[in-house]
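Me: I'm new to this one, so please give me a close look at the charged side chains that pair up. Once that's done, a few words on the cysteines would be great too.

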Amino acid sequence: SRVRLLLQEKKSSLLHTCFGRIFHLPPQEDTQGSKAALYSKTLAVMDSMLQVLILSAGTLGTMALQNILQLLLPFTSSHPAVVQRRAMARIARLTSFIADYPLQVCSYFAQTIPLRKQCFETHQFAMLGMLVGHLTLCCTCKDKETSQEAAEALCHLHTFFLRSKRSYRSLWLPNTGQLQLEEDWQARQSWHLSQTVYAKKMFLIFMKYLQPSHRVDIILMAIKSFRQPSTYSISVAAKMVTTLLANPAFPTGQVLKIVQAIYRILPFVTSEAALSSLDRALLMLTEKNLSEVVTSLLQCSPTCTNVTMIMWRVMLSKPQISEKVLQELLSLTMNLSLYKTSASTKGNPRMLSLAAGKMMSEILLQCICLEQVKAIFPKLFLALLFQVSFTTELMLQEVHIFWRKHQQDLLTPIRSAVLSMQVLLCNMGFEQEARAIEVEGGWDALLSAQTHLTGVCIVARKVVTIPTSLLSTIFCHVAELLSVEDPTLEMIAMVFLIEMLGCIKLKEELNRVLEIFPMYLQSQCLGMPSLVLRGILKLTKRPDMAKKTLVLLPDVMEQLQSADSDTTITALSVLTTMLQLLEGKALILTTLALVDKLQPLFNNESNTVRELSIHLFQDVIELVAGIKKRRMEEELWDSLVPLLFHLHDQDENVVKASQEALCTAGQFLKWQKLAELTETAQAWSICERLLARKRNRAKLYLYQSRLYLQSPQEHLRLEAVRFI
């Protein structure tokens, strides 16, 4: 088989040379007496030679036939009429030959039985789509002889498949009466039909033999023919495309080929009928393969050229389709993957996201399908905001890849996204909000990675004035996005959500954040726990939400051990407010738990942490002052030494906080002398009296003092030495 294939390849180059020389003989030689007869004999010998090549190939006859046809087909187009006639005549003779001498074709193509195993490659008629499509179009050729030869070739080709079908079915279904009727019907076809009608009829007959890959070949061929309206019938090509697109099943990647074919041919199509056909084809393809079409068109032109804009307008011209297209673009815009990078847009979600965002910008700028845009306003607004944030983090290489074909546009990707947000607000009737953001510098802040979060805060603060229904939808959508951890947009989404918590228009929607916050308090993202705590602090100051936040109390207390001082400071502020909301048993249990967690913070490196922790410690004492609890007294005795040391703290606010806490502790312990000595700052005298009253705690006090020997403050180290 390999030797035969090698021979076939060598013959192909010879055949191509032979065809070229014979078909291009001057036309006059074809009509001059003996020369005409000689030329006819030459063509007859050529036909015989081609038949011998097919016969000599044996089991590879089908492959040999296809090799020959692939050499002949190019001569039937883009050549002088005489060359087309001669080449088409050879194809007609070949199909007549195989109709009388059926080759071994796989039953998969004969459509007789279900495919049980893979067909042999040598029996597959892989070029069936190309052949049928080309012959069908040639039936409408302006040259009468060429069209007649093409019609004859189609007729013979159909007979070949009928007989192949009968041959295979006879092995499974002995009754072949129906096949005979089909063959008789084909024989009685009216040759007086017009070229266009006949071409359409024959094409429909061949539909049952076409596999998905064949269908794509024909679609691509028909689309390409729109560039030559004077050569082939546009109505036939349009019929072929419409009929084949009615079946949405295409192999993977074939939709991209079809979309690319339309994109490439569109600038060269001048016929209104052809343009109308392309519009219908694009709508049909979009309706049945929405996701693939949208992705394919974005890959064709990420920066949205004039040609793609024409195609997008067609896809958005029907409300029922435009809504789905916008949803798909929205989904792609939100697909802000941080993990895939590539040197092209193909299969790269980062680039596709940029392309989808750019397309959204064009839709907004050109005011296309505004009603459908309004329907998705909340999600679209957030998608554009996240697109801006995402674009600020793009690598320079990625920006260059995306923008290299559109460098004359002064709008960089990030400026395009920011402009889209402004236009969207204005299109929705929120010009006042857009102007307010501009006045506060929000739009400019969004453009820089350094000030971006500030810009997000400004935008969030200003959009809270929009109608409650839209605001509620935006808030719920942000909460929904945060319900699933996504490092790509979680910080931006949280900043936006936190800024909205103070809006009085939002009520029941706020309950959703109570489910989200615990997850993000455990986040490893720098600054996230502190941000969430600020959000909780906002809620504690709302009368309708304050007590509901107590469910988060255990999670907030855990943040006291955070290594980030900002997080600890915010947690202390939140706990100070939450303690005022507690009562009864919950208050006692919480205060007892807090005392243990607060004492280690007295020696924190941050002045603010030391001050706030001591103040909170004092609040705890005051809250339980009316409830005598033995354990609280024990905790207070154990906390006195650290407080005494901090009477010598370098920070005056910490010194003052320590004095106040010691006074309150003295009142709680009913040790009046402690309060008096604290007011006069006689720390040394207090230490002596403390040891005199609690000698059983001397070991603990010694341990606490040794910890302060490592303090960064010299005064505290000296006090520790004196106490020891």
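Reply: Here is a walk through the charged pairs, followed by the cysteines.

First, some ground rules: this is a predicted model, where local features need pLDDT of at least 70 and side-chain atom pairs count only at pLDDT 80 or more, while totals for chains, interfaces and linings use all residues. Residues are numbered from 1 along each chain as its sequence is written, and side-chain values use heavy atoms, with hydrogens and water left out.

Side chains of opposite charge can pair when their charged atoms come close. Going through the whole structure turns up 14 salt bridges (a side-chain nitrogen of Lys or Arg within 4 Å of a carboxyl oxygen of Asp or Glu).

Let's start at Arg85, which sits in helix H4, residues 81–100 (helices are DSSP runs of H or I with at least four residues, numbered from the N terminus). One of its partners is Asp143, with N and O 2.9 Å apart. Asp143 belongs to the loop between H6 and helix H7 (144–169), so this pair links distant parts of the chain, 58 residues apart. Asp143 is buried at 19% relative accessibility, whereas Arg85, at 24%, is partly exposed (buried means under 20% relative accessible area, exposed over 50%, and partly exposed in between, with a 1.4 Å probe and protein chains only).

Arg85 also forms a salt bridge with Glu145, where the closest N and O atoms are 3.5 Å apart. Glu145 is in helix H7 and Arg85 in helix H4, so this contact ties together parts that are 60 residues apart in sequence. With a relative accessibility of 49%, Glu145 counts as partly exposed. So if you click on Arg85, look for both acids: Asp143 and Glu145.

Now scroll along to helix H22, residues 431–439, for a pair that stays within one element. Arg435 and Glu438 meet there in a salt bridge, 3.3 Å from N to O. These two are three residues apart, about one turn of the helix. Glu438 is partly exposed, at 41% relative accessibility.

There's a network to find as well: salt bridges link Glu440, Arg461, Lys462 and Glu499.

On to the cysteines. Most residues other than glycine have a negative phi, and most peptide bonds are trans. Cys367 goes the other way, with a positive phi of about 55° although it isn't a glycine. You'll find Cys367 in the loop between helix H17 (349–365) and helix H18 (370–375). Cys369 is in the loop between H17 and H18 too, and has a positive phi of about 40°. Their cover is worth a glance: Cys367 is partly exposed at 44% relative accessible area, but Cys369 is buried at 13%.

Elsewhere, Cys304 is buried with 9% relative accessibility, and Cys457 counts as buried too, at 18%. As for cysteines bonding to each other, a search of the whole structure finds zero disulfides (a pair of cysteine sulfur atoms within 2.5 Å).
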